[in-house]
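Grab a pencil and work through these exercises with the structure in view. Each task is followed by a solution that goes step by step.

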Amino acid sequence: MSTTERLYYADPFLHRFTARVVAHGNWGGAPSLVLERTAFYPEAGGQMGDRGVLGGLPVKDVQVDDAGTVHHLMDVPAGTALPVPGTELAGEVDKERRRVNMALHTGQHMLSRALVDVAGAATVSSRLGESLCTIDTDQDVLDERQVAEAEARVNAIIDDDLPIRAFFPTPEELAALPLRRAPKVTDNIRVIQIGDFDVSPCGGTHCTRTGQVGMVRVLGVERYKGKGRVLFSAGPRARRELWEEAGTLRTMARAFTCGVPEVPTAVDKLRRELTEAREALGAARAKLAEHTAGELAAALDASADKRVVAVLDGAGPEQLRAVAARLTSRPEAVVLLAGRLPEGMPVLIARGASSTFGCGAFLKRAAEAAGGRGGGRPEHAEGRLPPGTDWPALVASLPT
């Protein structure tokens, strides 16, 4: 098949076009439409492909093969055939998606340039995803202060509203250009020049002026597979994310009955109060466990087989463990405890150091008999039984 003419090279803001079908192709086992020309950008170079409508049918994916043929994968209803070769079709690119991708890709170029200038970090790969964009650099660790400086530099370039030129230089012109990175192809090399700030080979869609990007926002810095990674956003997506975050902050401010700037202080206060409440609750639970264990210890000492069976109202797994830990300090003890909660009965069986009681096996039988679940080791087992289970009667009914 012949190479598809790419209309977006000349005009990245072109959203409507007409073209003839030249062939039916195949991509990954799926049928595709091949046009003489297209405004749809195929997925390549880390940039997502366009979506839209072609001949009244949704375009669900756009890909390009090694020969430069663009494949339009269509969402075709069952029983419907693809338009035959020679048919002229009207196409319309999803304008909002294209606009987002243009800003993200242009923002990536500028941020990659700034990372070189500020941190000496060259981009080795980038990915412009549906929800997250990343730049991986040749440095294993990135200084967050330098990344913040690079972000500020990019946004200053955006404010300057520099012209962005996309062109195919002659070999002589290409040799004289200060390219940020070497081209990945040897023929028909396309270059994106952002004022005097950055010059880079690229086949993607970009804005025509830096002001169209709107903003570039660094979301984080991390180490990924031995490389320093920058997570970022730009353009309409960054603006939408900021609006969503601002809305969340306003909601929190209303909940805390404070202004937005005071939300961090309110959260810190709430965190301190929660820590204090947890500490107080832990102390109360420890005291309750000590008291409960003291009451059960008498029954355990009086038991001929050194076993105690009990149901503790409102006790969860942690409370059961705390009580059992105090009772199983007696070497021969066998403790069979259950808690009574609305959602079910947590159960725990534990033994002292010299006991040979099989806790896990016994609880497994109990769970099967009551329609619950549970099991564990010979020395300790936990599970959960249905609400209302008569735990003492269940224990008494099972062989030990």
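**Exercise 1: a hairpin**

Task: find how many bridges join strand β6 (residues 57-64) to β7, and work out whether β7 is enclosed or open to the outside.

Solution. Keep in mind that this is a predicted model.

- Start with the pairing: β6 and β7 run antiparallel and are joined by five bridges.
- Pick out one pair to get your bearings: Val 62 stands opposite His 72 in β7.
- Next, look at the turn. The hairpin has five residues between the strands, and Gly 68 takes a positive phi near 90° there.
- Now sort the side chains of β7. Val 70, His 72 and Met 74 point one way, while His 71 and Leu 73 point the other way. That fits a general pattern: in a regular strand the side chains alternate between the two faces of the sheet.
- Finally, check burial, where the cut-off is under 20% relative accessible area. Five of the five residues of β7 (residues 70-74) are buried, so the strand is largely enclosed by the rest of the structure.

**Exercise 2: the overall build**

Task: decide whether the protein is compact or spread out, using its radius of gyration.

Solution.

- Take stock of the parts: the protein has eight helices and 20 strands.
- Compare two numbers. The globule rule gives 21 Å for 400 residues, but the radius of gyration is 34 Å, well over that, so the protein is more spread out than a compact globule.
- Look at the dimensions too: the C-alpha trace spans about 100 × 55 × 40 Å along its principal axes.
- Then ask about the inside: buried residues make up 42% of the 400 residues.
- Last, turn to contacts between residues at least 6 apart in sequence: 59% of them join residues at least 24 apart.

**Exercise 3: a three-stranded sheet and its helix**

Task: give the strand order of the open sheet that contains β12, and say which helix packs on that sheet.

Solution.

- The order is β11-β12-β13, with antiparallel pairing.
- The edge strands are β11 (164-167) and β13 (198-201), each pairing on one side only.
- From one strand to the next, the twist averages 15°.
- Zoom in on one pair: β12 (residues 191-194) and β13 share four bridges in the antiparallel sense. Here Ile 194 stands opposite Asp 198 in β13.
- Now add the helix. α1 (residues 95-119) packs on the sheet and touches β11, β12 and β13, with its direction at about 70° to that of β12.
- One residue to look up in α1 is Asn 101. Asn 101 is buried, at a relative accessible area of 2%.
- Skip its neighbours within four places in sequence, and Asn 101 is in contact with Gln 47, Met 48, Gly 49 and Thr 205.

**Exercise 4: the helix α5**

Task: compare the reach of α5 with the expected value, find where α5 bends, and name what its buried residues pack against.

Solution.

- Helix α5 (residues 263-302) has 40 residues and reaches 58 Å from its first C-alpha to its last, close to the 58 Å expected at 1.5 Å a residue.
- Follow it along to Leu 296, where α5 bends by about 25°.
- Leu 296 is also one of the buried residues of α5, which include Val 263, Ala 266, Ala 289 and Leu 300.
- The partners of those buried residues are α4 (235-256), β16 (307-313), α6 (317-327) and β17 (334-340).

**Exercise 5: two unusual phi angles**

Task: find where Asn 188 and Thr 257 lie, and decide whether they are buried or exposed.

Solution.

- Begin with the background: most residues other than glycine have a negative phi.
- Asn 188 has a positive phi, near 50°. You'll find Asn 188 in the loop between α3 (171-176) and β12.
- Thr 257 isn't a glycine either, yet its phi is positive at about 50°. Thr 257 sits in the loop between α4 and α5.
- For exposure, the cut-off is over 50% relative accessible area. Asn 188 counts as exposed at 69%, and Thr 257 is exposed at 71%.

Methods: Residues are numbered from 1 along each chain as its sequence is written. This is a predicted model: local features need pLDDT of at least 70, side-chain atom pairs count only at pLDDT 80 or more; totals for chains, interfaces and linings use all residues. Side-chain values use heavy atoms; hydrogens and water are left out. Helices (H or I, at least four residues) and strands (E, at least two) are DSSP runs, numbered from the N terminus. The expected span of a helix is 1.5 Å times one less than its number of residues. The bend at a residue is the angle between axes fitted to the seven residues ending there and the seven starting there. Buried means under 20% relative accessible area, exposed over 50%, partly exposed in between (1.4 Å probe, protein chains only). Contact means heavy atoms within 4.5 Å. Two strands pair if DSSP finds at least two bridges between them. Axes are lines fitted to C-alpha atoms, for helices over the stretch in contact, and angles run from 0 to 180 degrees between N-to-C directions. The radius of gyration is taken over C-alpha atoms; the globule rule is 2.2 Å times the number of residues to the power 0.38.
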